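Visitor: Hi, can you walk me through this one?
Guide: Sure, here it is.

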Number of protein chains: 2
Amino acid sequence: MRIAVVGAGALGLYYGAMLQRGGNDVRFLLRRDYEAITARGLTVYSCGGDFHLESVAGFRSPAEIGIVDLVVVGLKAFANDRFAELIGPLVGGGTQVLTLQNGLGNEEALAALFGPERVLGGVAFLCSNRGEPGVVHHLGAGRIQVGTFLPERQAAAERVAALFSNAGVECVAVPDLRRARWEKLVWNIPFNGSCALTLQPVDALLANQRSRPIIREMMVEVITAANAQPLLSPIPETFADQMISFSDGMGPYRPSMLIDRQEGRPLEMSAIFYRPLDAGQAAGVPLPRVATLAALLDCAVTG
Amino acid sequence: MRIAVVGAGALGLYYGAMLQRGGNDVRFLLRRDYEAITARGLTVYSCGGDFHLESVAGFRSPAEIGIVDLVVVGLKAFANDRFAELIGPLVGGGTQVLTLQNGLGNEEALAALFGPERVLGGVAFLCSNRGEPGVVHHLGAGRIQVGTFLPERQAAAERVAALFSNAGVECVAVPDLRRARWEKLVWNIPFNGSCALTLQPVDALLANQRSRPIIREMMVEVITAANAQPLLSPIPETFADQMISFSDGMGPYRPSMLIDRQEGRPLEMSAIFYRPLDAGQAAGVPLPRVATLAALLDCAVTG
């Protein structure tokens with residue numbers, strides 16, 4: 001299968017490398033890592049076993065890549081205004097577009113540009129960081145839940161799930177992509193935001209006796225907002241406790257938004273905060289703790 | 001009148017200087033500014049007119065100061081565990097102790113050590129910063145509301161109010177010190193906390209379209225918690241709008257907690273956050289936005 005990876009950060013590089021190792025024709029749209037990867041290949045230091053891909057197809061522009069069967073989108077959501085420019089040249093009649101981005105609104109933007117029938121979304125639970133050019137560190141997890149933007153096209157999600165599973169990435173098709181997105185937000189909203197605002201890693205937020213309960217209360221706010229959306233089944237409040245337990249095992253993990261702030265990049269505020277807050281507000285669900293976090297983070301970053 | 005100033009930061013230096021200029025025998029307990037002030041006096045750059053006090057009585061220890069008529073306490077609240085050591089040697093049979101500190105719990109701590117009948121509290125609305133040693137900058141305001149810890153001793157508040165008024169400091173005696181403290185918290189909680197957490201001045205918090213309404217919502221939370229306390233009269237919600245309007249005129253003011261954080265000092269978390277939150281909780285009033293702010297600030301500072 002011919003696959004293009006657009007947005008080759010830690011997530012795009014890791015999944016692209018796995019798909020290539022699994023026997024696919026993977027083509028990476030590269031910027032920072034172009035020289036290193038085209039000259040020396042791509043090294044994955046992974047908790048599941050390190051590996052090196054000697055020959056990696058790196059490109060500077062989507063036109064050079066051409067039409068593919070599947071586009072895997074790993075861009076930061078603040079770059080979504082470049083979808084047409086970066087993805088358009090890759091899309092032919094049979095192309096499917098899978099966004100592995102965080103938050104809400106990514107599938108909608110892709111559907112508006114390329115047609116809803118070819119859009120899939122994946123919710124990735126991946127701990128990875130970029131290293132030096134040509135190197136990606138896979139620290140833990142990696143599971144993907146994939147679903148289609150149009151529920152009636154569920155078979156396409158099954159095929160993409162098989163593609164990843166065959167490449168050694170745990171991947172399941174889910175019938176309710178919207179619910180999967182909100183489940184991920186239950187983790188992303190409190191931890192990405194709080195870590196980015198306080199400049200502390202996950203374990204510091206959980207070790208502090210004042211922030212630990214606030215993190216859980218924010219999770220419950222997100223669950224309540226989620227359950228006011230048209231989901232196939234509600235998210236139980238116990239999911240917050242599962243997420244806290246899960247996070248207790250993460251150690252000093254730095255969520256992507258903390259890294260973005262520390263490295264001076266824009267933050268994915270709309271996808272992770274403003275669209276979920278708007279969805280809550282539209283459904284009459286106030287999220288006072290999350291709104292406070294989002295506002296203070298915005299103020300801290302933009303002044 | 002013989003007056004000792006304990007805690008000669010921006011607030012203690014400014015009010016002490018005004019009281020001395022007004023003809024009182026003022027004795028300053030000094031640490032950082034001792035050499036500069038005993039050698040060259042104290043300079044006040046004030047929006048109400050600059051002045052210089054050539055001869056200022058600075059001391060290194062409270063024992064050298066001895067018993068006074070009035071102790072003015074300007075310590076940071078995190079130094080309250082030094083009350084006995086710093087204030088004890090100044091207190092004789094007729095001594096009164098006036099705390100101009102922020103937040104809740106200061107009068108109670110002084111009353112437990114020195115007897116409730118001699119304790120007064122003042123709520124100071126003062127914009128001041130320390131400059132180089134021997135220099136204090138008075139940027140605006142300066143009004144004090146003074147009350148007694150024991151309501152039946154109101155006459156003592158009137159006398160202290162007259163003392164400050166005669167020295168050119170606007171000062172009124174109030175019948176309900178608790179209410180005055182909570183009114184001050186309506187400003188202090190959102191602005192001290194949000195500015196310290198985001199490292200932004202007051203005008204940045206108000207200019208940001210997301211944080212501006214959150215600031216007001218936090219004010220309303222504090223007003224609701226205040227009105228669940230035994231106040232003589234409730235604080236109206238319109239007080240929040242007054243505080244916002246007042247703050248719109250402050251420009252890039254840095255509240256004391258922001259300066260404390262930027263200069264690496266401990267923050268007055270208990271007096272400004274934890275005691276008010278506990279008082280709200282004890283009265284069944286949740287303060288979700290304030291609790292979020294306090295927890296994240298604590299985590300940002302302590303890790």
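Visitor: How much area do chain B and chain A bury between them?
Guide: About 2,200 Å², with 69% of it on carbon and sulfur atoms. Buried area is the accessible area (1.4 Å probe) that two parts lose on being put together, summed over both. This is a predicted model: local features need pLDDT of at least 70, side-chain atom pairs need 80 or more, and totals for chains, interfaces and linings use all residues. Residues count from 1 along each chain as written, chains are lettered from A and ligands numbered from 1 in written order, and side-chain values use heavy atoms, without hydrogens and water.

Visitor: Which three residues supply the most on chain B's side?
Guide: Arg210(B), Leu296(B) and Cys299(B). They supply 26% of the area that chain B buries against chain A.

Visitor: And how many residues are in the contact?
Guide: Chain B brings 24 and chain A brings 24. Contact means heavy atoms within 4.5 Å.

Visitor: How many salt bridges between the chains?
Guide: The count is 0. A salt bridge needs a Lys or Arg side-chain nitrogen within 4 Å of an Asp or Glu carboxyl oxygen.

Visitor: What about the class of residues on chain B's side?
Guide: There are 13 nonpolar, 8 polar and 3 charged residues on the side that touches chain A. Nonpolar means Ala, Val, Leu, Ile, Met, Phe, Trp, Tyr, Cys and Pro; charged means Asp, Glu, Lys and Arg; the others, Gly among them, are polar.

Visitor: New topic. Where does UniProt place a domain on chain A?
Guide: The unreviewed entry puts "Ketopantoate reductase N-terminal" at residues 3-149 of chain A. UniProt annotations may be inferred rather than shown by experiment.
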